[in-house]
Amino acid sequence: LKALEVMRRSYGRGGRRGSVLESRAFGELAITDISKNLIKVFYLDEEFRKRQWVDGGIRPHPVKKCGLVGAGVMGGGIAQLLGYYDIPVRIKDINYEALKKALLTAYDMFEHALKRKKLRKHQADYKFGLLSPTITYRGFENSDIVIEAVAEDLNIKQKVFKELSEVVSPKAILASNTSSLPIIEMAQAANSPDRVVGLHFFNPVHLMPLIEIIRSAKTSDETLAATIAFARRIGKVVIVVKDVPGFLINRILFSYLNEAGFLLEEGMALERVDKIARDFGMPMGPIELIDEVGVDVGYKVAKILESAYGPR
């Protein structure tokens, strides 16, 4: 807006006048809290993009093919992102209807990239063609990493990890996209707990730059190094966090969402809560975010966090 104002005020008045106005406007913007915080965020972002979380001497095992279990909205988003970065993905779910939804989610995202001219038609077709659906584990044998993105239920996830252990290569990494459940308890259901790690994406997968990698007490350095390299290859900013309920992001997020719930209980209108948050600078309001995440998913995570941290 300042740039437009400078253009309007300097139009037709010569370069020198324009330079003075531009310098003054830049000076006003450079000293604000917003500017200082954005600079801080930039340096934090750069630090974590390059940060070495494990011994730099470990050569990470490359990922040439990925398996994906769970074809919900998150599964479709993960599949599209991997295809976008030219990684073949084998997607499994219990029925073809779920697989159809995941493929439609991915297809719509590729179409959007096509309209935005980020991809050409032949590129979008090739990348979408890297996604293949199945209702069995056939095709998972040669996956270098398998991402589990099923319902947020520990029993279901443990069953999936047990089944995967009997199918995949002994070198394959088994990663869970859980948002709150303990990785160690999933690892104990697998043949090799040292190959199990948390890999928590955020929705929408193709837009959110952050990814949480969760290391359990059994996760090996080699598994961690390969998972970090894989996450950076698909354009993510990595943070490695401890295996505690809610990890890092949801412990912060749920305090924020809880407060929105208290405001509703006290009588504030839904629209007003969201408007205040958007006016502050959030991309969407907390009520809209709860709806986007899913009230059922949010409820399950909230119960997990409550049992770990109490009523707060």
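1. In this note a residue is called buried when its relative accessible area is under 20%, and that cut-off is needed at once for strand β4, in which I145 and I147 point one way, V146 and E148 point the other way, and all are buried. The model discussed here is a predicted one, and a reader new to it may find it useful to begin with this strand and work outwards.

2. As to the whole, the protein has 312 residues, of which 41% count as buried, and it holds 13 helices and 8 strands. Its C-alpha atoms fill a box of roughly 75 × 55 × 45 Å when the box is taken along the principal axes. If one takes the contacts between residues at least 6 apart in sequence, 67% of them join residues at least 24 apart.

3. Strand β4, which spans residues 145–148, has pairing partners that can be followed one after another. Strand β1 (residues 66–69) pairs with β4 in the parallel sense, over 4 bridges, and within this pairing V69 has E148 as its bridge partner. Strand β5 also pairs with β4 in the parallel sense, again over 4 bridges, and here I145 of β4 stands opposite I173 in β5. Between these last two strands the chain passes through helix α7 (residues 154–165), and the resulting β-α-β crossover is right-handed.

4. Strand β5 covers residues 173–176, with I173 and A175 pointing one way, L174 and S176 pointing the other way, and all of them buried. Strand β6 (residues 196–200) runs parallel to β5 and is joined to it by 3 bridges, and S176 stands opposite G198 in this strand.

5. Which residues have the most contacts inside the largest nonpolar core? That core has 42 residues, and the ones in question are L82, I147, F201, I213 and F230; I147 has already been met as a buried residue of β4. A second, separate core has 24 residues and includes V160, L174, A190 and F247, and L174 is one of the buried residues of β5.

6. F201 deserves a point of its own. When neighbours within four places in sequence are left aside, F201 is in contact with M74, I78, L81, I147, N177, I211, I234 and K236, and I147 in this list is, like F201, among the residues with the most contacts inside the largest core.

7. T227 is found in helix α9, which spans residues 221–233. Is T227 buried or exposed? T227 counts as buried because its relative accessibility is 0%, and the cut-off for that class is under 20%. Not counting residues up to four places away in sequence, T227 touches I173, V197, L199 and I213; of these, I173 belongs to β5, while I213 is one of the residues with the most contacts inside the largest core.

8. S216 sits in the loop between β7 (210–215) and α9. With a relative accessible area of 5%, S216 is buried, although its position is in a loop. A polar atom of the S216 side chain lies 3.0 Å from the backbone nitrogen of K218, and, leaving aside neighbours within four places in sequence, S216 is in contact with I183, I184 and D243.

9. The structure holds 6 aromatic pairs. One of them is formed by F42 and Y43, an edge-to-face pair with 5.5 Å from centre to centre and 70° between the planes. How exposed are the two members, F42 and Y43? F42 counts as partly exposed at 47% relative accessibility, whereas Y43 counts as exposed at 56%, so the two fall on opposite sides of the boundary at 50%. Elsewhere, Y107, F110 and F128 form one aromatic cluster.

10. G261 lies in helix α10, which spans residues 249–265, and it is partly exposed, with a relative accessible area of 27%. G261 and V273 are 12 residues apart in sequence, and their C-alpha atoms are 9.6 Å apart in space.

Notes:
Residues are numbered from 1 along each chain as its sequence is written. This is a predicted model: local features need pLDDT of at least 70, side-chain atom pairs count only at pLDDT 80 or more; totals for chains, interfaces and linings use all residues. Side-chain values use heavy atoms; hydrogens and water are left out. A nonpolar core is a set of buried Ala, Val, Leu, Ile, Met, Phe, Trp, Tyr and Cys residues joined through side-chain atoms within 4.5 Å. Buried means under 20% relative accessible area, exposed over 50%, partly exposed in between (1.4 Å probe, protein chains only). Contact means heavy atoms within 4.5 Å. A polar contact is a pair of N or O atoms within 3.5 Å; within protein, one must be able to donate a hydrogen and the other to accept it, and residues adjacent in sequence count only if both atoms are side-chain atoms. Two strands pair if DSSP finds at least two bridges between them. A crossover is right-handed if, with the strands pointing away from the viewer, the path from the first strand over the helix to the second runs clockwise. Rings of Phe, Tyr and Trp (its six-membered ring) pair if their centres lie within 6.5 Å; planes under 30 degrees apart count as stacked, over 60 as edge-to-face and the rest as tilted.
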